[in-house]
Every structure is written in structure tokens, then in C-alpha cells.
Amino acid sequence: MRLLAIIAVPLAVGAQIRFEDVTAKSGIGFQLRNGAAGKLHQVELMPGGVAAFDFDNDGCADLFFTNGASLPTLRKADATFHNRLYRGNCDFTFTGVTAKSGLAGEGYSMAVAAADYDNDGFADLFVAGVHRNTLYRNRGDGTFEDVTRRVGLAPADASRDWSISAGWFDYDRDGHLDLFVSNYVQWDPAQEAPCGPPEHRIHCHPKWYQPQSHRLFRNRRDGTFADVSASAGIKASPGKGMGVAFADADGDGWPDVFVANDSAPNQLFRNRQGLFEEVALEAGVAYPDSGRAIAGMGCDFRDFDNDGLPDLAITGMVNDTFLLFRNLGKGMLFEEFTAQSGLARATIHLTGWSMGLFDFDNDGWKDLFTANSHFPRLERQLGADPELANTVYRGVGKGRFEPGPMPTRRAFHRGSAFADFDRDGRVDAVVTALNSSTAVLRNVSEGNAHWLAIRLRGKKSNRDGLGARIKIVLPGGTARFNHATTSVGYASSSEPLVRFGLGAYGAAERVEILWPSGAVQTLDRVKADRIVDVTEP
């Protein structure tokens with residue numbers, strides 16, 4: 001059975017957005033196991049994430065998958081619950097290397113965040129989960145070591161945290177990556193009340209659970225971290241956090257944090273030079289225009305209309321619609337743009353988990369990929385199959401999107417990661433699914449659209465330049481914008497390269513880079529269709 005049918009939408013320069021399922025020949029046999037055994041524990045709904053990152057620095061994107069555990073013990077009872085690491089071979093085949101790596105893991109894993117936290121040249125992994133989070137330091141020889149307690153990422157009061165997403169960013173701009181952890185709700189299997197009628201129990205709505213405060217850990221620059229959640233202003237605003245994303249929303253040079261909350265107001269933490277103020281309500285992103293909080297899950301914080309200002313995209317539950325918020329550039333002010341974009345009608349019947357805003361057809365406008373699934377056991381309420389297909393919406397300019405044909409593979413999809421796995425200049429996708437095979441999706445879009453990828457190497461900034469803002473100026477003065485981040489979607493992590501579609505242009509007139517340190521760098525007349533390595537001056 002094909003895991004994903006071909007998706008096809010027209011492109012002005014002669015291409016179509018097309019994804020081909022290559023799972024069968026990829027060598028990835030991973031299935032995400034949630035430990036469900038008929039008891040309807042809340043945690044079994046939520047896994048799990050995937051990271052696309054290059055752990056061995058060979059230029060080929062690798063994959064790491066989080067995995068669940070037995071319930072209610074939260075123990076990986078056998079190898080089927082192990083987390084997985086696959087080495088990419090640059091040809092859409094992957095080799096399993098979990099046993100050597102030391103990444104099989106413990107506990108009920110939910111999310112993964114990849115980045116080089118110690119600036120040693122090798123990408124590390126933070127794995128978030130239920131009552132247990134783990135930092136794995138990349139030794140550089142294909143193995144990882146658990147350094148969680150040694151570096152201060154296991155504070156005593158965090159033993160009951162249920163962490164669903166996490167991300168790396170340099171909030172204090174000192175050149176060392178800090179860690180934000182998005183926490184969900186207070187959960188104890190011994191105190192879970194049954195929900196739904198006795199003849200058809202269902203998982204409980206989040207309203208029956210108390211929220212948790214998120215956590216911010218500051219990198220001390222000596223290989224250890226300090227929990228600054230309270231002193232930096234994060235702890236004061238608990239939520240029911242799922243997706244987390246970073247961008248400099250107000251253009252002041254300091255990265256801000258967005259958290260998509262489940263059936264609670266979204267949160268936007270404005271960075272006031274190292275201290276945070278939660279401003280989602282006054283900024284216009286706490287709620288959609290309806291005034292009703294949606295079941296926010298995945299998010300991406302990128303400029304979708306090419307005006308130089310990072311915007312927000314958020315997945316939600318059926319009848320929520322997925323949300324778009326357009327940055328108005330007036331300090332910290334957004335307007336809901338869902339209806340104008342075309343996504344309201346296109347997504348009202350869907351439940352979306354992960355997502356990514358990438359230019360899949362390289363025409364210069366970011367497109368939207370969403371990983372979809374209703375909740376299990378809702379057939380009666382929905383009158384339909386709760387398993388859903390994934391979707392792609394093509395960006396057609398000025399924040400407007402057009403849905404492509406629906407693919408055929410239906411599953412309980414969850415996390416997604418994005419990278420160019422075969423180095424052909426087209427962004428590919430990998431999507432996890434509960435108790436089902438992973439979908440490995442090769443972008444085979446045709447046409448003559450050009451592309452450019454920037455691989456950053458920081459000197460005064462963090463190694464991968466996370467947080468750097470890049471502007472591409474094309475012949476005639478047209479501009480494209482993006483920034484460096486690995487925090488994309490739901491519980492997942494994507495490659496750190498900053499990618500641009502150039503359409504019909506074979507070169508960029510100018511590439512302007514604003515590094516997190518404040519350094520400004522300009523490259524002139526940069527040829528297209530290649531990865532350009534840029535070292536901070």
C-alpha cells in the first residue's frame with residue numbers, strides 16, 4: 001500500500017508540488033508505539049516527534065525518532081519502545097545505528113530538539129517526555145552520552161513535568177544556545193477519571209487537567225544550565241503547551257517565543273533583552289477573531305507573505321480551522337489572516353498536528369505542509385474515520401494558500417521533520433504516525449525553479465547561527481526573507497539550513513545576514529542551486 005499518493009499543484013515556472021512515498025525502500029521500519037492497552041491514558045494521544053539533523057557531519061541529513069513506553073509504568077518494556085537513530089545516506093536510504101549510538105532511551109518520550117548546545121561542532125539532542133527529560137551530548141564518534149543531571153537539566157521540582165515540545169535558541173544573545181521546554185498538563189494515571197458514556201469511553205478533554213508552567217534553561221557557557229524560568233518571567237504564565245517556535249517578532253534583535261496551547265489561549269513571550277513578558281492577548285495571537293481558544297498543536301513562526309516580518313501558522317482541531325496570524329510590523333501586533341488566506345474553508349474539517357512553512361516548489365512563496373489526524377475513538381462524534389491524510393497548501397502570494405489534491409494514506413499522524421535528504425534542492429518530509437509506519441516523503445516536484453540554501457557557521461553567535469535573519473534580494477529588487485531555526489511543527493526538529501526558492505532567477509543579487517550577535521554580513525551576486533557555507537565575520 002502506498003503511504004502517500006502524489007500531490008500535484010501547478011507552478012508558474014512549470015513545476016508541480018509532488019511528493020513520492022519512498023518509505024518501502026528507505027530502510028526505515030520504525031513504528032511509533034504509544035503503549036495504548038485500552039485504559040485510555042491521556043499521554044497515549046500525544047507522541048511523538050522526529051528530528052532531521054546531521055549527527056556525523058557528513059552532509060547527509062539523519063533521523064531520530066522518539067517513542068513511547070508501557071502504560072502506566074512509563075517504562076520501555078522492550079525494544080519496540082526504543083527511540084531510534086538512522087544515519088542518512090543522501091539517497092533516501094537510511095541505516096539504523098541506534099544500538100551503537102546509546103540513544104535507545106528511557107521513559108515515555110514525546111519530543112526532540114536538535115542543536116549544538118556546546119558549540120563543539122556536533123549536533124546534540126534534547127528528548128522531552130512524560131516525567132523525564134534527557135539531554136544527549138554528541139561525542140562526535142557516533143555515540144551520545146546522557147548528561148542531563150550533570151548539566152543541571154533535571155531540577156528537583158521537574159519530576160512531574162509532562163513536556164511535549166522543546167526548542168533551542170539564544171535568548172540572551174551570548175553566543176550559547178539556551179533551552180525552552182513547553183509543558184502540557186498535570187497528569188497522574190492513578191487520578192484519571194473516566195470520560196464519555198460507560199458504553200463508549202473516550203480520552204478526556206484538556207479542560208479536566210490543570211496547566212503547567214513552561215521552563216527556560218540558560219546556558220552558563222561552561223557546559224551547564226541554570227533554570228531561569230521564574231527570574232526570566234516564564235514561570236508566571238502556565239499553559240497547556242504543545243508546539244513552540246522562535247522568531248524576532250518585533251525586530252528589536254531579541255528572539256521571542258510562541259507557544260501553541262491546547263484549548264487554552266496561545267502565549268507569546270516578548271523578549272525584553274533577556275526578560276520575558278507574556279503579550280499574546282494584546283498582540284492579537286492569544287485567540288482567533290472568534291474569541292474562542294482553539295486546540296493549538298503545531299506551529300511555525302515564519303514570514304509567509306515576504307514582507308520581512310515573521311508571521312504565525314498554527315494547527316488546530318476539527319471545527320477550529322488552522323490559524324494564520326499576519327505580523328503588522330507595529331511593534332508587536334498581529335491580525336488573524338486565516339479567512340483571507342483561504343485556509344479557513346480548507347481546514348475546518350481537519351485536525352492538524354505538526355506542520356512546516358517551506359517553499360516546496362521553490363517559486364519564492366512558502367507553502368504549508370500539515371500532518372493530520374483526528375483523535376482515536378471519535379468515530380461516533382465525527383461520523384467519519386478519525387485517521388486522516390496529510391495535506392499541502394501551495395503559497396500563491398501575499399499570504400494566500402491553495403489546497404492541493406488530498407493524498408490517500410490515512411493514519412494517526414503526529415510529528416514531522418523537514419530537510420533535503422537527497423541534496424537536490426527540494427525540501428522533503430518525514431511524518432510519524434501512532435502505531436503505524438513512518439511516512440518518508442521525497443519531494444519530486446518538476447520544473448526549472450532555482451533555489452539557494454545558506455549553512456551558517458557562527459563565531460560570536462552559536463555554531464549554527466540559530467536566530468540569524470536572512471534577506472535575499474533578487475534581480476529587480478524583489479526580496480525574500482527567512483531565519484535560522486530548528487523548531488518547526490509539533491514535538492519535532494528540522495534541519496538548520498536556511499532555504500530560499502528563487503523561482504526563475506539563477507542567482508541572488510545580494511544576500512544580507514543579520515547574525516544573532518548583531519554582526520551584519522553581505523554577499524553579492526550569489527549563484528543559485530547550491531548550499532553556500534557562510535562563516536560569521
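## Two buried polar residues

A residue counts as buried when its relative accessible area is under 20%. With that cut-off in hand, we can look at Ser109 in this predicted model. Ser109 has a relative accessibility of 4%, so it falls in the buried class. Ser109 belongs to strand β6, which covers residues 109-115. Its side chain makes a polar contact of 3.3 Å with the side chain of Asn83. Leaving aside residues up to four places away in sequence, Ser109 touches Pro47, Thr66, Asn67, Gly68, Lys76, Asn83, Val127, Ala128 and Gly129.

Glu44 makes a good companion case. Glu44 sits in the loop between α1 (23-26) and β2 (50-53). Its relative accessible area is 5%, so Glu44 is buried. The side chains of Glu44 and His203 are joined by a polar contact of 2.9 Å. His203 is also among the residues that Glu44 touches, along with Asn34, Ala36, Leu71, Tyr108 and Leu434, when residues up to four places away in sequence are not counted. For a sense of distance, the C-alpha atoms of Glu44 and Ser229 lie 28 Å apart, with their positions 185 residues apart along the chain.

## The whole protein

Stepping back, the protein has 537 residues, of which 63% are buried. Its secondary structure consists of seven helices and 35 strands. Taken along the principal axes, the C-alpha atoms fill a box of roughly 65 × 50 × 50 Å. Among contacts with a separation of 6 or more, 60% are between residues 24 or more positions apart.

How confident is the predictor, and what is the mean pLDDT of the protein? The mean is 93, and 96% of the residues reach 70 or more. Residues 1-14 deserve some care: pLDDT stays under 50 there, although the model has 53 contacts beyond four places in sequence for this stretch.

## Nonpolar cores

The largest nonpolar core holds 63 residues, and those touching the most other members are Met46, Phe126, Trp162, Trp168, Ile454 and Leu456. Strand β6 gives the most to this core, with four residues. A second core of 20 residues is separate from it and includes Ala249, Ala286, Ile294 and Phe325.

## The sheet around β27

Four strands form an open, antiparallel sheet in the order β1-β28-β27-β26. Which strands stand at its edges? They are β1 (19-21) and β26 (413-419); each has a single partner strand, so one side of each is left without a neighbour in the sheet. From one strand to the next, the twist averages 25 degrees.

Strand β27 is a good one to follow in the viewer. Five bridges join β26 to β27 in antiparallel fashion, and Ala419 has Asp428 of β27 as its bridge partner. Strand β27 (residues 428-433) also pairs with strand β28 (residues 439-443), again antiparallel, over three bridges. Here Val431 is partnered by Ala439, and Val430 by Val440. In the hairpin of these two strands, five residues lie between β27 and β28, and one of the hairpin's residues, Asn435, takes a positive phi near 50 degrees.

In a regular strand, side chains alternate between the two faces of the sheet. In β27, Asp428, Val430 and Thr432 point one way, while Ala429, Val431 and Ala433 point the other way. Are the residues of β27 buried or exposed? Six of its six residues are buried.

## The sheet from β10 to β13

A further open sheet of four strands has the order β10-β11-β12-β13, also with antiparallel pairing. Its edges are β10 (163-169) and β13 (225-227), each with a single partner strand, so one side of each lacks a neighbour in the sheet. Neighbouring strands are turned by 20 degrees against each other on average, direction ignored.

Strand β10 runs antiparallel to strand β11 (residues 178-183), and six bridges join the two. Trp168 stands opposite Leu179 of β11. This is the Trp168 met earlier, one of the residues that touch the most other members of the largest nonpolar core.

Technical notes: Residues numbered from 1 in each chain as written. Predicted model: local features only at pLDDT ≥ 70, side-chain atom pairs only at ≥ 80, totals over all residues. Heavy atoms only, no water. Pairing = 2+ DSSP bridges. Axes fitted to C-alpha atoms, helices over the stretch in contact; angles between N-to-C directions. Buried < 20%, exposed > 50% of the residue type's maximum accessible area, 1.4 Å probe, protein only. Polar contact = N/O pair within 3.5 Å; in protein donor to acceptor, adjacent residues only side chain to side chain. Contact = heavy atoms within 4.5 Å. Core = buried A, V, L, I, M, F, W, Y, C linked by side-chain atoms within 4.5 Å. pLDDT = per-residue confidence, 0-100.
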